[in-house]
Structures are given as structure tokens and as C-alpha cells.
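Visitor: I'm new to this structure and would love a close look at a single part. Could you show me the largest pocket and the helices around it?

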Amino acid sequence: MQARMGNPAVVVPETMQALHALGSIPAKSGLSPILLELVNLRASQINGCSVCIDGHPRIAKKAGETDERLFAVSAWRDTPYFTDAERAALALTEAVTRVSDRADPVPDDIWDEAARHFDGKSLGALVIAIANINVWNRLNIATRQIAGQWKP
């Protein structure tokens, strides 16, 4: 397999700067780095972004995440490894990532559960994190970036 082109965020450097700036906001809001990597991994699994599925577990491991939890992210509803706040964030991640799958893409019950665990600033930062990983997934997928070439 060969990439169609270099990653657009590299080809257009202003994009990289903007996406890195956007990506730094959730961490500055106080959200856990591990939570953010769980979100990144789950959105990437849904989107089928091999680059991010390969890279984000590496980042999570460096932050102290366990293999057990990383292996279970795709089945988070059926495993005992995640906190209620993490479950709320993962449910929100799935809803925001799959916006075309239902008439009400982010139902009130999913939103309300996330709002129960995250204050306004943290919830806003979580939505930004979900949007940002979806942008990266789409850039990588559209241009067929190769898993393993990005080594975080």
C-alpha cells in the first residue's frame, strides 16, 4: 500500500499549526491525557483510521494506560475496566463520530450523562477533542496514510 500523497496537514503547514493548536486545548482544560487517548482510539476505530489506531495506543501506554483497557476500548460497554466518566466520554465520542447514523445524532441521554461527569469547560474541550481526532482520521483516510509511519 502506498499513500496517495503526504498528509495534507504536512503539505499545507498552516493546517498542522492550526490542528496542533486545536489539539492542545483539551489537555489544557484539565482532561486526563489517558481519557483523551481513549477517545482518540475509539473514534479512530469507528472511522477505520489505521494510522491513529496504531499510534494512539502508543501514546496512551506512555501516559500509563494498560493493555487490558486498550484492548477493551472497542467493547467498553461490556467490560468492567472503565469509569462512569470514561463511559460517558466514549458514548459521546461514538455519537459525535457517527453523526449520520441516526436522526438525533447526539441524543439527550448521551449528552446529559456526559454533562453529569464534565463541567461546561471540560465538556466543551471533550467535544473539541472528538472533533479534532475526526479531522485527523479523515485526513489520514482520504490520503491513505500508512500505519506505522507515524511513531508518536
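**Around the largest pocket**

Guide: Gladly! The residues lining the largest pocket fall into 15 nonpolar, 10 polar and 1 charged; here Ala, Val, Leu, Ile, Met, Phe, Trp, Tyr, Cys and Pro are nonpolar, Asp, Glu, Lys and Arg charged, and the others, Gly among them, polar. The model is predicted, with local features requiring pLDDT of at least 70 and side-chain atom pairs 80 or more, while totals for chains, interfaces and linings use all residues. Numbering starts from 1 along each chain as its sequence is written, and side-chain values use heavy atoms, without hydrogens and water.

The pocket holds about 690 Å³ of space. A pocket is an open set of points on a 1 Å grid where a 1.4 Å probe fits, with protein on both sides within 12 Å along at least five of seven lines, and lining residues have an atom within 4 Å of a point. In this model, 26 residues line the largest pocket. Nearest its centre you will find His20, His56, Ile59, Trp136 and Trp150. Four helices (DSSP runs of H or I, at least four residues, numbered from the N terminus) give two or more residues each to that lining: H2 (13-28), H3 (33-47), H4 (50-62) and H8 (120-142). Helix H2 provides the largest share, with 7 residues.

Let's start with Ile59, one of the residues nearest the pocket's centre. Ile59 belongs to helix H4. Is Ile59 buried, partly exposed or exposed? Ile59 is partly exposed, because its relative accessibility is 25%; buried means under 20%, exposed over 50%, and partly exposed lies in between, using a 1.4 Å probe on protein chains only. Setting aside residues up to four places away in sequence, Ile59 touches Glu37, Trp150 and Pro152 (contact means heavy atoms within 4.5 Å). One of these partners, Trp150, is also among the residues nearest the pocket's centre. Asp78 is a different story: from Ile59 to Asp78 there are 19 residues in sequence and 24 Å in space, C-alpha to C-alpha.

Next, follow His56, another residue nearest the centre. His56 is one of the contacts of Asn40, alongside Ala129 and Ile133, once neighbours within four places in sequence are left aside. Asn40 itself sits in helix H3. With a relative accessible area of 11%, Asn40 is buried.

His56 also helps join two of the pocket's helices. The axes of H4 and H8 approach within 8 Å and cross at roughly 130 degrees; axes are lines fitted to C-alpha atoms over the stretch in contact, with angles from 0 to 180 degrees between N-to-C directions. That crossing makes H4 oblique to H8, a word for angles outside the roughly parallel (under 35 degrees), roughly antiparallel (over 145) and roughly perpendicular (65 to 115) ranges. On the H4 side the contact is made by Val51, Cys52 and His56, and on the H8 side by Ile133, Asn137 and Asn140. By class, this contact has 3 nonpolar, 3 polar and no charged residues.

Now look along H8, where Ser122 lies. Ser122 counts as buried at 11% relative accessibility. What does Ser122 touch, not counting residues up to four places away in sequence? The answer is Ser29 and Leu31. Ser122 and Leu31 are 91 residues apart in sequence, yet their C-alpha atoms are 6.6 Å apart in space.

In the segment after H8 comes Arg144. Its phi is near 55 degrees, a positive value in a residue other than glycine. Most residues other than glycine have a negative phi. Arg144 is partly exposed, at 41% relative accessible area.

Two further residues tie back to what we have seen. His117 is in helix H7 (residues 108-117). His117 is 16 residues in sequence from Ile133, and 21 Å from Ile133 in space, C-alpha to C-alpha. Beyond its neighbours within four places, His117 is in contact with Asp84, Ala85 and Ala88. At 26% relative accessible area, His117 is partly exposed.

Finally, Ala72 belongs to helix H5 (residues 67-72). Ala72 and Cys52 are 20 residues apart along the chain, with their C-alpha atoms separated by 16 Å. Ala72 is buried, having a relative accessible area of 8%. Leaving aside neighbours within four places in sequence, the contacts of Ala72 are Thr79, Tyr81 and Phe82.

Definitions and conventions. Grid points are joined across faces, edges and corners, and a volume is the space filled by probe spheres set on the points.
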